[in-house]
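Reader: I'd like to go through this one with you, starting from a single pair of side chains and working outwards. Can you put it up?

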Amino acid sequence: LCLQVPELEKATVRIRQPERVREVIRSLREQGVAKLQVISDFDMTLSRFGCNGRRCPTSHNILDTSRVISEDGKKKLKDLLHYYYPIEIDPNRTLEEKCPLMVEWWTKAHELLVQQKIHKSDIAQIVRESEAMLRDGFKEFFDQLHNNNVPLFIFSAGVGDILEEIIRQANVFYSNVNVVSNYMDFNDDGVLTHFKGPLIHTYNKNNTVLQGTGYFQQLSTRTSIILLGDSMGDLTMADGVPSVENILKIGFLNDKVEERRGKYLDSYDIVLESDETLDVVNGILRYILTE
């Protein structure tokens, strides 16, 4: 398979079951472009984790550290991060333990943001001034999917308004892109009053928050899936798809690589360690989409 997808030879690639991966990629190609859809997380999956040794911001970080947040607000948001983020990535805690704590974190953070009276008109500028970066190769990724009419479903626990603006400013917000995320609600004066439900956090990216969207039902013939994520919570993103024939799960292992490698290799078909590009994904898409 490396002959057809040379990117799989990259030093960042780890695969526990190469035979199985080969089979799935072959099946995805055989099933053809009409059956394919891509389901992806956004923060630290389509966007970069770091650049030149510095962490890149998530869509929440972009807002939390922007000029529209007071110093007091910034401090409180940072305190929440320092308290809850270690819980989010703690390999020794169960999902049952983590879920209510994630709801608590997101709810408190959203309440703090609402207190800041953020204006809708500020969002484009906030994103422009931020250090947000999509992964290297993002243009080819979005272009390949758009040119072949492959639906891209972005399922994010971040802030929908911010991540949409990042994609828009990168000039890749095409008609085949659909986003489910935490969206802000503004009053008639364009001031943030609350976040629309349902609340999406790291560990409830599944059917429970998709009920009523009907998105996957419209795509019931799209039974071949490439899933892209960077956390254990992203593994359930395809749960709403009515019938899955082939699914290839690609995981970006960005942080605490040694400690989390085993778990990622158990859960994802292909694990990309500290890889800030979409090279492997693009290589696989090129192979699947080329007649």
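Author: Sure. This is a predicted model. Let's begin with Arg26, which makes a salt bridge with Glu23.

Reader: How far apart are the closest N and O atoms of Arg26 and Glu23?

Author: A salt bridge needs the nitrogen within 4 Å of the carboxyl oxygen. Arg26 and Glu23 pass that test, with their closest N and O atoms at 3.6 Å.

Reader: Which helix holds Arg26 and Glu23, and what separates them along it?

Author: Both sit in helix H1 (residues 18-31), three residues apart. In an α-helix there are 3.6 residues a turn, so residues three or four places apart point the same way. For Arg26 and Glu23 in H1, the separation comes to about one helical turn.

Reader: Is Glu23 buried, partly exposed or exposed?

Author: The partly exposed class runs between 20% and 50% relative accessible area. Arg26 falls in it at 31%. Glu23 has 44%, so it counts as partly exposed.

Reader: What about Arg14 and Glu273: how many residues apart in sequence are the parts they tie together?

Author: Their side chains meet in a salt bridge at 2.9 Å, N to O. Arg14 is in strand E1 (residues 13-14) and Glu273 is in strand E11 (residues 270-273), so the parts tied together are 259 residues apart in sequence.

Reader: Which of those two partners is buried, and at what relative accessible area?

Author: Arg14 is partly exposed, at 35% relative accessibility. Buried means under 20%. The partner that meets this is Glu273, at 11%.

Reader: And Arg54 with Glu131: where does Glu131 lie?

Author: Arg54 and Glu131 form a salt bridge at 3.2 Å, N to O. Arg54 belongs to strand E4 (residues 54-55), and the pair ties together parts 77 residues apart in sequence, because Glu131 lies in the loop between H5 and H6.

Reader: Is Arg54 buried or exposed?

Author: Glu131 is partly exposed at 44% relative accessibility. Arg54 has a relative accessible area of 53%, and the cut-off for the top class is over 50%. That makes Arg54 exposed.

Reader: Which residues do shared salt-bridge partners join into one network?

Author: The whole structure has 27 salt bridges. Those that share partners join up Arg14, Glu258, Arg261 and Glu273.

Reader: Let's zoom out. How many salt bridges run between domain 1 and domain 2?

Author: Domain 1 covers 6-50 + 133-289, and domain 2 covers 54-129. Twelve residue pairs are in polar contact across their interface. The salt bridge count there, though, is zero.

Reader: How much area do the two domains bury between them?

Author: On the contact side, 35 residues of domain 1 touch 31 of domain 2. Carbon and sulfur atoms carry 70% of the buried area, which is about 2,900 Å². In domain 1, the residues that lose the most to domain 2 are Ile162, His201 and Tyr203.

Reader: Which element gives the most to the side of domain 1 that touches domain 2?

Author: Among the elements giving two or more residues are strand E5 (152-159), helix H7 (160-169) and helix H10 (257-267). With six residues, the top contributor is H7.

Reader: How many of the ten residues of H7 are buried?

Author: The buried ones include Ile162, Leu163 and Ile166. They pack against several elements, including helix H2 (59-64) and helix H6 (138-147). H7 is mostly covered, and the buried count is eight.

Terms used:
Residues numbered from 1 in each chain as written. Predicted model: local features only at pLDDT ≥ 70, side-chain atom pairs only at ≥ 80, totals over all residues. Heavy atoms only, no water. Domains from an automatic or database assignment. Contact = heavy atoms within 4.5 Å. Buried area = accessible area lost by both parts, 1.4 Å probe. Polar contact = N/O pair within 3.5 Å; in protein donor to acceptor, adjacent residues only side chain to side chain. Helix = DSSP H or I, 4+ residues; strand = E, 2+ residues; numbered from the N terminus. Buried < 20%, exposed > 50% of the residue type's maximum accessible area, 1.4 Å probe, protein only.
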